[in-house]
Amino acid sequence: MNALLAYWQNLQTRERRLILAALLLVLPLLLYLGVWRPLQQQVNTLQHRVEAQQETEAWMQQAAAEVLRLRARDGAATSGGSLLATMERSTRQYNLGMALKRVEPDGIGKVRVQFESAEFDRLVEWLEALAVQHTIQVESATLDRQSTAGIVNAQLVLIGSE
């Protein structure tokens with residue numbers, strides 16, 4: 001450091017001014033190339049990433065809306081196979097599996113269900129859940145009261161909404 005200071009002091013005034021002028025010209029260029037330009041490039045890169053993420057988000061929202069639309073249409077178990085699977089799964093959820101005696105397709109989007117010695121209250125709860133969660137409706141129902149209170153035999157025809 002002392003050597004640099006000694007060198008500076010040995011320069012003539014004109015040389016000192018020339019070096020200071022060169023520093024005043026070069027310093028902004030160094031700041032631009034070393035600081036500003038890399039920061040600006042980083043900002044541009046981040047802006048492109050944000051735009052790409054926004055496009056992805058828009059696509060995902062559109063796809064989610066499409067999934068919901070398809071679930072509303074097809075989630076109602078419109079085909080015989082999925083309607084049958086919904087019947088099997090949901091009867092177990094409502095503890096009606098032991099009373100369920102027969103499930104068979106009855107055309108497209110329809111199923112015949114037969115229960116023996118089913119609890120009436122559970123059966124009604126199950127039918128309500130099918131209507132609300134799966135938009136499955138009762139087309140026809142035949143209920144026979146049993147000698148035990150609250151127990152019925154039921155034959156139902158259920159349809160999934162299109």
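The largest cavity in this predicted model is lined by Ser-90, Gln-93, Tyr-94, Trp-126, Ala-129, Leu-130, Gln-133 and His-134. Two elements give two or more residues each to this lining, α3 (80-93) and α4 (120-134). The space in the cavity is about 30 Å³. One of the lining residues, Trp-126, also belongs to the one aromatic pair of the structure, where its partner is Phe-115.

**Cavity**

- A search of the whole structure returns one cavity of 30 Å³ or more.
- Helix α4 supplies the largest share of the lining, with five residues.
- By residue class, the lining of the largest cavity consists of four nonpolar residues, four polar residues and no charged ones.

**Aromatic pair**

- The structure holds one aromatic pair. Its ring centres, those of Phe-115 and Trp-126, are 5.2 Å apart.
- The ring planes of Phe-115 and Trp-126 stand at 75 degrees; planes over 60 degrees apart count as edge-to-face, so this pair falls in that class.
- Phe-115 sits in strand β2 (residues 110-119) and Trp-126 in helix α4, so the pair links distant parts of the chain, with the two positions eleven residues apart in numbering.
- Phe-115 and Trp-126 are both buried.

**Strand β2**

- Gln-114 is a residue of strand β2. Its relative accessible area is 18%, and because the limit for buried is under 20%, Gln-114 counts as buried.
- Beyond its neighbours within four places in sequence, Gln-114 is in contact with Ala-99, Leu-100, Lys-101 and Arg-102, and also with Ala-154 and Gln-155.
- Ser-117 is likewise placed in strand β2. The phi angle of Ser-117 is near 55 degrees, which is a positive value in a residue other than glycine.

**Strand β1 and the loop before it**

- Asn-95 lies in the loop between α3 and β1 (100-105).
- Phi of Asn-95 is near 55 degrees, again a positive value in a residue that is not glycine.
- Asn-95 has a relative accessibility of 55%, and because exposed means over 50%, this residue counts as exposed.
- Glu-104 is located in strand β1. With a relative accessible area of 34%, Glu-104 is partly exposed, because that value lies between the 20% and 50% limits.
- Leaving out residues up to four places away in sequence, Glu-104 touches Leu-84, Val-111 and Arg-112.
- The C-alpha atoms of Glu-104 and Leu-83 are separated by 9.8 Å, and the two residues are 21 residues apart along the chain.

**Model confidence**

- The chain has a mean pLDDT of 87. A pLDDT of 70 or more is reached by 92% of its residues.
- Over residues 75-80 the pLDDT is below 50. This stretch nevertheless has 20 contacts in the model beyond near neighbours in sequence.

Conventions:
Residues are numbered from 1 along each chain as its sequence is written. This is a predicted model: local features need pLDDT of at least 70, side-chain atom pairs count only at pLDDT 80 or more; totals for chains, interfaces and linings use all residues. Side-chain values use heavy atoms; hydrogens and water are left out. pLDDT is the predictor's confidence in each residue, from 0 to 100. Contact means heavy atoms within 4.5 Å. On a 1 Å grid over the protein atoms alone, a cavity is a set of points where a 1.4 Å probe fits but cannot get out, and a pocket is an open set with protein on both sides within 12 Å along at least five of seven lines; lining residues have an atom within 4 Å of a point. Grid points are joined across faces, edges and corners, and a volume is the space filled by probe spheres set on the points. Helices (H or I, at least four residues) and strands (E, at least two) are DSSP runs, numbered from the N terminus. Ala, Val, Leu, Ile, Met, Phe, Trp, Tyr, Cys and Pro count as nonpolar, Asp, Glu, Lys and Arg as charged, and the others, Gly among them, as polar. Rings of Phe, Tyr and Trp (its six-membered ring) pair if their centres lie within 6.5 Å; planes under 30 degrees apart count as stacked, over 60 as edge-to-face and the rest as tilted. Buried means under 20% relative accessible area, exposed over 50%, partly exposed in between (1.4 Å probe, protein chains only).
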